[in-house]
Amino acid sequence: MKKFFYHFILKKIIPHKLRILLKPLYYFFLEFLPLDKYTQTLVTSTLVNKKPIIIYLPVLEWKWFFQRPQHLLKEFSKYGVTCVFCTPSLNYNESGFRKIQENLYLCDNVRYLKDINNTVVYLTSVNCFKYLKLFKEKFIFYDYVDDLAVFGEARDLKKRHQSLIKQADIITA
């Protein structure tokens, strides 16, 4: 109920231009809301005994720009690989977790997936570095899609990028 209330405020009360500016702050606060126990049970029961599982960490909305991560997960799922696309938004489901097609799921909070073992963690942004600690047993797939020079002199981004290069099991660009 809390998530719905916060989302309602963002969507209905705050003007569109201000909403664009506040969106990162809004998603930051959503991460600290308590997890819904029903959704946690749903996630765990749906994904138990499914191997392999590819988890895409939250950067993109599912329907916003349909880019490489969405295409890859859609194709992997057609071949029987279970894929979870974590989105930073609640736009597509109230419960926080839903099936899009066979073997492909949307999840609004990566913390629901923390108990899933032996995962392929797929990330395209150094800003997702913080989520890696949630997964104990993982294979890291770092898809380097953005030139860090675009972001200017962001030393912290460069440090996280170098750390990801060292930790990643596979890197694509």
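Visitor: I'd like to start with a turn. Which strands form a hairpin with two residues between them, and what is the phi of Asn103 there?

Guide: The hairpin is made by S3 and S4, with Asn103 in its turn at a positive phi of about 70°. This is a predicted model: local features need pLDDT of at least 70, side-chain atom pairs count only at pLDDT 80 or more, and totals for chains, interfaces and linings use all residues. Residues are numbered from 1 along each chain as its sequence is written, and side-chain values use heavy atoms, with hydrogens and water left out.

Visitor: How should I read labels such as S3, and how many helices and strands does the protein have?

Guide: Helices (H or I, at least four residues) and strands (E, at least two) are DSSP runs numbered from the N terminus. Here there are five helices and seven strands. Along the sequence they follow the pattern α-α-α-β-α-β-β-β-β-β-α-β.

Visitor: Back to the hairpin: how many bridges join S3 to S4?

Guide: Two strands pair if DSSP finds at least two bridges between them. S3 and S4 are joined by four bridges and run antiparallel. Within this pair, Lys99 faces Tyr105 of S4.

Visitor: What should I make of a positive phi, and where is Asn118?

Guide: Most residues other than glycine have a negative phi. Asn103, in the loop between S3 and S4, goes the other way, and so does Asn118, with a positive phi near 50°. Asn118 belongs to the loop between S4 and S5. A glycine example is Gly80, which follows H4 and has a positive phi near 90°.

Visitor: Is Asn103 buried or exposed?

Guide: Buried means under 20% relative accessible area, exposed over 50%, and partly exposed in between, using a 1.4 Å probe and protein chains only. Asn103 is buried because its relative accessible area is 13%, whereas Asn118 is partly exposed at 45%. Across the 173 residues of the protein, 42% are buried.

Visitor: In what order do the strands stand in the sheet?

Guide: The seven strands make an open sheet ordered S3-S4-S2-S1-S5-S6-S7, with mixed pairing. S3 and S7 (170–172) stand at the edges with a single partner strand each, so one side of each has no neighbour in the sheet. Neighbouring strands are turned by 20° against each other on average, direction ignored.

Visitor: Which strands do H3 and H5 meet?

Guide: Contact means heavy atoms within 4.5 Å. Axes are lines fitted to C-alpha atoms, for helices over the stretch in contact, and angles run from 0 to 180 degrees between N-to-C directions. H3 packs on the sheet against S1, S2, S3 and S4, its direction making about 40° with that of S3. H5 lies across S5, S6 and S7, at about 130° to S6.

Visitor: How do I find the buried face of a helix, and which residues of H4 are buried?

Guide: An α-helix has 3.6 residues a turn, so residues three or four places apart point the same way. In H4 (68–78), the buried residues are Pro69, Gln70, Leu73 and Ser77. Seen down the axis, they fall within an arc of 100° (taken from the directions from the helix axis to the C-beta atoms), so they line one face of H4. These buried residues pack against S1, S2, S3 (97–101), S4 and S5.

Visitor: How many residues are in the largest nonpolar core?

Guide: A nonpolar core is a set of buried Ala, Val, Leu, Ile, Met, Phe, Trp, Tyr and Cys residues joined through side-chain atoms within 4.5 Å. The largest one has 26 residues, and Leu47 and Val84 are among those with the most contacts inside it. Helix H3 (37–47) and helix H5 (155–167) are among the elements that each supply at least two residues. A second, separate core of 13 residues includes Leu60, Val81, Leu106 and Val120.

Visitor: What does Ile53 touch?

Guide: Leaving out residues up to four places away in sequence, Ile53 touches Leu47, Thr82, Val84, Ile116, Thr119 and Val120. Ile53 is in strand S1 and is buried, with a relative accessible area of 0%. Although Ile53 and Thr82 are 29 residues apart along the chain, their C-alpha atoms are separated by 4.8 Å.
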